[in-house]
Structure formats: structure tokens, C-alpha cells
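Subject: Structure for you to look at

Dear colleague,

Here is the structure I promised to hand over, and below it you will find what I found when I went through it. Please keep the sequence and the 3D view open side by side as you read.

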Amino acid sequence: MADPTNHNQAGEVAPSTVDKQAPSVAEEHAPSTDSPEATDIPTANAPDPKAANPEDNPNAAKPVAVPPKREKPAAADKAAVDEKPAAAAKAAKKEKAPSVEDKPFVEFIEQDYLPALQKAIAQQGVQDLQVSFAKQKVPITGFESAQECWQIIGSWKEIGLRQFNLYFPEEDIQGKKGFSCNEGKKPSTLESFLIDERKITLDLLVFGLVQRLDGQKWLGIN
């Protein structure tokens, strides 16, 4: 006959030894119901504090240093940079030497125009050209009462006496100019000279007179 101490009543199963030990293990690690406490049972989701601290764990990931963001130059700084090339160009323009045409009228005629004119006419075959610069009356009939004005007087005797006069009544190369010529007689006509040019330069003033004398057939093989 079975021992009644090893079996429960009919229909009941005796608990295993694991079930008998489980409550004691749970009670040992479970917090009390009186006050909340953290359990020291490790879980799969809880991070390891030592692994997260790089000072304690050399294998822990170290933070990456982010370089500071470079700010764009302010509008005032950009304007200052843009002004530098403009200022340099302006300074270079101021340092540019003035042109010969900017000289005082008499100085320009004596120092620049007369030498250039004599050279240009000599290159056309005239060997005995005489040129002078004087302020005097206009030697044309009908202009006796007119005021004196600056004139360039040129003459040579290669084939008879040939003379021309270039007039500057305003004492300005950019102002009104006149021309007359004769061959041993008093000139009778005063012509306008280079009236269609906006700006008179040394080269243009020389070329214009040489061209007019060539049109008179006084130069070269004429």
C-alpha cells in the first residue's frame, strides 16, 4: 500500500522541487512592498554603466569633435573688399601723367606743336621751312579792325614764296581756328580749320595742317 505521506489527495499533483525553490529566489531579489528599490538583477535592455563611460572603459565610443561653422563675411566686410580694387584703379588714374594737350596754350605750341609740325613738313620734302609764333593782326583784307590773335606763320622759297597762317583767336587749341595761305601776295580768304573734330590732339593738329598744305599742292612733287 502506498505511503500517504508522498501523495496528495486524489486528483492533485505534488509540486516539483523547482517550484518549491522559485518563490525563495524571487523573494530574495524582489524589492519589498514597503518602499520601492531597484533590483540588482541584470536585464537585457539595461546598458552597462561601465561600457557607457569612456573614462572607465577605453573601448567605449568617444565623442567626435565637430569643427566650428565658418560664418560668411558680413556685408560691410564684403563691401570693404570690393572697394579695394576700385580704390586702386582710382589712385592709378590720378597718378596718370597729364597729356601734352593739357599744357597752357603758349607752352604747348612752342614746346610740342612747332617742333612736330616742322618735322612733318620736312618729311614731305620741304627743306627751307621757316616757322614763327606771334600775336599780331590778321593779315587779311577786311580784318584790319579785328583784335590781334596768336598765329603760326610758316614760309619757304623752294618754288617762289609760299606762306601760310594758322590762327587761334581764342588762345585754345580746342577753340575756333582759322587758316589762310598765299604765294607772294596778301591773303584774301580766311578759312575755318578742323571745325568738325570733337577733340583736338597734337597729332591731329599736325596732320590737319599737312593735309591742307598738300591739298594746296605745296608739298611733295606738287
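Arg162 is buried, with a relative accessible area of 8%, and its side chain nevertheless meets that of Glu183 in a salt bridge, at 3.7 Å from N to O. Please bear in mind from the start that this is a predicted model. Glu183 lies in the loop between β4 and β5 while Arg162 belongs to strand β3, so the pair ties together parts of the chain that are 21 residues apart in sequence. Unlike its buried partner, Glu183 counts as partly exposed, at 48% relative accessibility.

A search of the whole structure finds four salt bridges, and two others are worth following on the screen. In one of them, Glu171 is joined to Lys135, with the closest N and O atoms 3.0 Å apart; this pair links distant parts of the chain, since Glu171 sits in the loop between β3 and β4 and Lys135 in strand β1 (residues 130–136), 36 residues apart. Glu171 counts as partly exposed at 38% relative accessibility, and Lys135 counts as partly exposed at 40%. In another, Arg212 forms a salt bridge with Glu191, and here the closest N and O atoms are 2.7 Å apart. Arg212 lies in helix α5 (residues 202–215) and Glu191 in strand β5, so that the pair again links distant parts of the chain, 21 residues apart. Arg212 is partly exposed, with a relative accessible area of 21%, and Glu191 is partly exposed as well, with 27%.

The strands named so far belong to one sheet. It is an open sheet of five strands in the order β1-β2-β3-β4-β5, with antiparallel pairing. Strands β1 and β5 stand at its edges, each with a single partner strand, so one side of each is left without a neighbour in the sheet. As general background, strands of a sheet pair through backbone hydrogen bonds, either parallel or antiparallel. Strands β2 and β3 pair over seven bridges, and one place to find this pairing is Trp156, whose bridge partner in β3 is Arg162. Strand β3 (residues 162–168) is in turn joined to β4 by five bridges, with Asn165 standing opposite Ser180. On the other side, β4 pairs with β5 (residues 191–192) over two bridges, where the partner of Gly178 is Ser192.

How many of the five residues of strand β4 are buried? Five of the five residues in β4 (residues 178–182) are buried, so the strand is largely enclosed by the rest of the structure. In a regular strand the side chains alternate between the two faces of the sheet. Both faces of β4 are covered, with Gly178, Ser180 and Asn182 buried on one side and Phe179 and Cys181 buried on the other.

Two residues on neighbouring strands show how burial can be judged. Ser155 lies in strand β2 and counts as buried at 19% relative accessibility, because the cut-off for buried is under 20%. Leaving aside its neighbours within four places in sequence, Ser155 is in contact with Asp128, Leu129, Gln130, Leu161, Arg162 and Gln163. Ala134, which is found in strand β1, counts as partly exposed at 24%. Its C-alpha is 5.5 Å from that of Gln151, although the two residues are 17 apart in sequence.

Finally, please look at the nonpolar core. Of the 31 residues in the largest nonpolar core, Ile109, Tyr113, Ile121, Ile152, Phe164, Leu209 and Leu213 touch the most other members. The elements that give two or more residues to this core are α4 (105–122), β2 (149–156), β3, β4 and α5, and α4 gives the most, with eight residues. Helix α4 lies across β1, β2 and β3, running at about 150° to β1. Tyr113 is a good residue to select, as its contacts beyond four places in sequence include Ile152, Leu166, Leu205 and Leu209. In soluble globular proteins, nonpolar side chains tend to be buried together.

With best wishes

Conventions
Residues are numbered from 1 along each chain as its sequence is written. This is a predicted model: local features need pLDDT of at least 70, side-chain atom pairs count only at pLDDT 80 or more; totals for chains, interfaces and linings use all residues. Side-chain values use heavy atoms; hydrogens and water are left out. Buried means under 20% relative accessible area, exposed over 50%, partly exposed in between (1.4 Å probe, protein chains only). Helices (H or I, at least four residues) and strands (E, at least two) are DSSP runs, numbered from the N terminus. Two strands pair if DSSP finds at least two bridges between them. A nonpolar core is a set of buried Ala, Val, Leu, Ile, Met, Phe, Trp, Tyr and Cys residues joined through side-chain atoms within 4.5 Å. Contact means heavy atoms within 4.5 Å. Axes are lines fitted to C-alpha atoms, for helices over the stretch in contact, and angles run from 0 to 180 degrees between N-to-C directions.
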